[in-house]
Amino acid sequence: MPANLAGGIKPNWGPFGQLGQEGRQLVQAVMAAAILICLGLAVWGAATQRIGATALRDSASAEQGKGLIVAGLTGVFIIGSCGTLFTIVYGLAV
């Protein structure tokens, strides 16, 4: 499917092309929820790091916050690239 500036980027569904409209919407909803959860985890980590590093002078909380930020952003990257990875693997199998 062509991508143009006015219409936005339209994904090539690859292996999910046969799911139908309801199946695609379900996949989109699950991926959107997972991305929101991961972003929330990153925000929670940033708050934990900030509070632990300044107010409480607790280096363990600051390190835990760094871990949450990395985990959240890594999750967003992995989930965001799932469509591309599935399409590549599907394309190689065909």
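## Buried and exposed sides of helix H2

In helix H2 of this predicted model, the buried residues are Ser61, Ala62, Gly65, Leu68, Gly72, Gly75 and Ile79. Viewed down the axis of H2, these buried residues fall within an arc of 150°, so they line one face of the helix. An α-helix has 3.6 residues a turn, so residues three or four places apart point the same way.

The face of H2 turned away from the buried side carries Ser59, Ala60, Val70 and Phe77, which are exposed.

## Length of H2

H2 covers residues 59-80, which is 22 residues. At 1.5 Å a residue, the helix should span 32 Å, and its end C-alpha atoms are 32 Å apart, so the two values agree.

## Contacts between H1 and H2

Thr48 lies in helix H1, which runs over residues 21-55. Its relative accessibility is 16%, and because buried means under 20%, Thr48 counts as buried. Apart from neighbours within four places in sequence, Thr48 is in contact with Ser61, Gly65 and Leu68. Those three residues are among the buried ones of H2.

Ile69 belongs to H2. At 21% relative accessibility, Ile69 counts as partly exposed. Leaving out residues up to four places away in sequence, Ile69 touches Ala42, Gly45, Ala46 and Gln49. Ile69 and Thr48 are 21 residues apart along the chain, and their C-alpha atoms are separated by 9.5 Å.

## Confidence of the prediction

The protein chain has a mean pLDDT of 76, with 71% of its residues at 70 or more. Confidence is highest in H2, at a mean of 86, and lowest in helix H3 (residues 82-93), at 75.

Terms used
Residues numbered from 1 in each chain as written. Predicted model: local features only at pLDDT ≥ 70, side-chain atom pairs only at ≥ 80, totals over all residues. Heavy atoms only, no water. Helix = DSSP H or I, 4+ residues; strand = E, 2+ residues; numbered from the N terminus. Expected span 1.5 Å × (residues − 1). Buried < 20%, exposed > 50% of the residue type's maximum accessible area, 1.4 Å probe, protein only. Arc of directions from axis to C-beta. Contact = heavy atoms within 4.5 Å. pLDDT = per-residue confidence, 0-100.
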